[in-house]
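Good morning, colleagues. Please take a moment with the sequence and the model before I begin.

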Amino acid sequence: MSGDVRVRFAPSPTGFLHVGGARTAIFNWLFARHHGGVFILRIEDTDAERSSRELVEAILEGMSWLGLSPDEGPFFQSANRDRHVADALALLGSRNAYRCFCDPEQLRREREAAERAGTGWVYPRRCLALSREESDRRAAEGKPFAVRLHVPETTVAWEDLVHGPTAVHTGQIEDLVLLRSDGTPTYNLSVVSDDLAMRVTHVIRGDDHLSNTPKQILIYRALGAEPPRFAHLPLILGQDRRRLSKRHGAVSVLEYRDQGYLPDALFNFLALLGWSPNDDREKMTRQELIEAFDLAGVNRSPAIFDLKKLDWLNGQYLMAATPESLAADLRPWLEAEGLWREEYAEGRRGWLARVASLLQPRAKTFREMVARGRAFFDPSEELAYEAEAAAKHLQGEDLAGHIEALRAAFETLGDWSASSLETCLRAVAERRGVAPARLIHPTRLGVTGGSAGPGLFETLELVGRQRTLARLDRLLGRLASRTATGRGRPG
């Protein structure tokens with residue numbers, strides 16, 4: 001295939017950029033990059049009532065975050081209305097289309113009556129029988145009319161680059177409207193007109209557009225043009241095999257950004273959703289995806305959106321990042337939680353990188369990383385305790401005495417390092433005649449509020465002496481309160 005490949009992604013700004021649209025954009029972008037072609041962005045904003053500038057900006061923001069920069073565009077379909085109308089009038093002039101003077105309201109009633117009766121309805125071609133003279137006379141009198149394509153009796157066949165040979169008989173297609181009676185072009189006309197003007201060679205889009213393809217091929221042929229090649233991508237389904245929706249979790253690309261996923265991870269995940277490089281690779285760079293991408297690898301069956309797999313893949317990308325880059329990326333997430341301090345960007349950059357490195361193996365997203373690392377960033381001693389962990393680990397004889405002894409040893413410890421902290425705790429446990437775990441679990445709970453996380457001694461080192469001692473004091477206060485009130489567990 002030559003470098004003349006030209007593809008387009010054409011979202012409608014009636015909603016945000018959802019994962020299905022993003023996957024379509026990615027496939028178009030990869031196809032263009034693989035063949036040295038052109039990736040065009042066209043905003044199909046002709047539905048004025050449902051389109052908005054805010055949604056346009058959200059689509060552009062989502063594409064920018066994913067790194068999907070167009071080679072041409074963004075173009076706006078509404079700016080091309082005059083050309084759409086001209087193409088419809090050209091079809092009228094060549095007698096591939098005709099004026100329809102039927103009352104739209106009457107046609108709506110006829111369609112609804114047929115639906116109630118359980119019978120199919122197609123436009124009965126009343127106005128096709130009008131002579132050219134009669135049609136011209138009515139138009140000259142100012143009677144409103146739509147322009148309909150004269151659909152010939154034939155079979156529309158094409159070689160779909162995903163589904164293979166596909167054919168539809170035109171007996172299933174009514175004489176579709178190209179221009180409405182108010183003069184506005186319809187979707188199928190606008191798409192064909194724009195794709196012709198933009199010299200699109202391949203139309204890669206979702207299976208939900210499959211029913212439009214024979215209609216659009218008919219318009220291409222009526223205009224005397226060769227249709228582009230078509231490839232229809234399988235739908236994306238949830239784990240319940242229903243079409244992906246809000247009930248399956250986040251749908252908008254920006255929602256995944258806001259949940260702390262990396263753009264490269266989501267790009268990689270969506271690229272493999274319904275397409276395979278025919279090997280076992282699951283983590284692929286963009287360049288590897290570009291080199292391997294081929295429409296022959298697109299599966300005809302619906303793709304299943306597996307959030308656990310996305311979490312795993314995002315975790316792989318987090319693990320591959322340097323602690324320094326993670327530390328920089330954490331800033332907006334810490335700011336959102338009110339945990340950012342300017343010293344992290346200056347004198348404590350190394351400390352922040354060490355914390356990021358400690359959290360790195362256990363978090364799947366940036367949001368989770370901040371949640372798991374709250375003990376490091378929150379200056380307060382008032383961390384909430386996990387109720388179940390408190391019930392399990394804050395029990396037993398002389399626990400307060402053990403923690404007091406450990407706190408005293410920590411306070412006088414000369415070297416506040418993970419290895420020294422571990423040696424100190426184990427020595428206290430030995431003197432008190434208890435297993436180290438008897439001190440480790442309550443200490444972790446008191447300092448972090450939880451029962452699991454990175455290594456305790458690495459955690460204590462990075463939390464620092466002052467906050468560690470303050471949080472142990474709070475823990476001792478809880479234990480004393482429990483003893484004084486005679487309760488079996490701390491409040």
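**Thr170 and its surroundings**

Leaving out residues up to four places away in sequence, Thr170 touches Val151, Pro152, Glu153, Thr154, Val156 and Leu218. I should say at once that the model is predicted. Thr170 is found in the loop between β7 (164–169) and β8 (177–179). Is this residue, Thr170, buried or exposed? Its relative accessibility is 4%, so Thr170 counts as buried, the limit being under 20%. One of its neighbours deserves a second mention: the side chain of Thr170 reaches the backbone nitrogen of Thr154 at 2.9 Å.

Let me now step back to the whole protein. There are 21 helices and 12 strands in the protein. For 491 residues, a compact globule would have a radius of gyration near 23 Å, whereas the protein has 32 Å. Along the principal axes, the C-alpha atoms fill a box of roughly 110 × 50 × 40 Å. Of the 491 residues, 48% are buried. If we take the contacts between residues at least 6 apart in sequence, 76% of them join residues at least 24 apart. The exposed surface is about 23,100 Å², and carbon and sulfur atoms supply 49% of it.

I turn next to the aromatic rings. A pair of aromatic rings is described by the distance of the centres and the angle of the planes. How many aromatic pairs does a search of the whole structure find? The search finds 13. One of them is formed by Phe27 and Phe293, a tilted pair with 5.2 Å centre to centre and 55° between the planes. This pair links distant parts of the chain, 266 residues apart: Phe27 is in helix α1 (residues 19–34), and Phe293 is in the loop between α10 (286–292) and β12 (303–304). Phe27 has a relative accessible area of 0% and is therefore buried. Phe293 is also buried, with a relative accessibility of 1%.

A second example is the pair of Phe269 and Phe305, which is edge-to-face, with 5.1 Å centre to centre and 80° between the planes. Phe269 lies in helix α9 (residues 263–271) and Phe305 in the loop between β12 and α11 (307–320), so the pair ties together parts 36 residues apart in sequence. Both Phe269 and Phe305 are buried. Ring pairs also join Phe269 and Phe305 with Tyr256 and Tyr261 in a cluster.

Helix α9 itself merits attention. Why can α9 be called largely enclosed by the rest of the structure? Because seven of its nine residues are buried. The buried residues of α9 are Ala265, Leu266, Phe267, Asn268, Phe269, Leu270 and Ala271. They pack against α1, α2 (53–66), α8 (253–258), α10 and α11. Helix α1, as we have seen, holds Phe27.

Rings in this model also meet charged groups. The charged end of Arg99 sits over the ring of Phe145, 5.4 Å from its centre. In a second case, the charged end of Lys283 sits over the ring of Tyr317, 4.4 Å from its centre.

Another residue to locate is His84, which lies in helix α3 (residues 81–93). With 1% relative accessibility, His84 counts as buried. Apart from neighbours within four places in sequence, His84 is in contact with Gln77, Pro185, Leu189, Ser190, Ser193 and Asp194.

Finally, I come to the backbone. Most residues other than glycine have a negative phi, and most peptide bonds are trans. With that in mind, please look at three places. The peptide bond from Gly73 to Pro74 is cis, with omega near 15°, and Pro74 lies in strand β3 (residues 72–76). Arg125, although not a glycine, has a positive phi of about 60°. Arg125 is in the loop between α4 (104–117) and α5 (132–140), and at 32% relative accessibility Arg125 counts as partly exposed. Asn278 is not a glycine either, and its phi is positive at about 65°. Asn278 lies in the loop between α9 and α10. Is Asn278 buried or exposed? Asn278 is exposed, with a relative accessible area of 70%.

Thank you for your attention.

Definitions and conventions:
Residues are numbered from 1 along each chain as its sequence is written. Side-chain values use heavy atoms; hydrogens and water are left out. Rings of Phe, Tyr and Trp (its six-membered ring) pair if their centres lie within 6.5 Å; planes under 30 degrees apart count as stacked, over 60 as edge-to-face and the rest as tilted. Helices (H or I, at least four residues) and strands (E, at least two) are DSSP runs, numbered from the N terminus. Buried means under 20% relative accessible area, exposed over 50%, partly exposed in between (1.4 Å probe, protein chains only). A charge sits over a ring if NZ of Lys or CZ of Arg is within 6 Å of the ring centre and within 35 degrees of the ring normal. The radius of gyration is taken over C-alpha atoms; the globule rule is 2.2 Å times the number of residues to the power 0.38. Contact means heavy atoms within 4.5 Å. Accessible areas come from the Shrake-Rupley method with a 1.4 Å probe; for residues, only the protein chains shown count as cover. A polar contact is a pair of N or O atoms within 3.5 Å; within protein, one must be able to donate a hydrogen and the other to accept it, and residues adjacent in sequence count only if both atoms are side-chain atoms.
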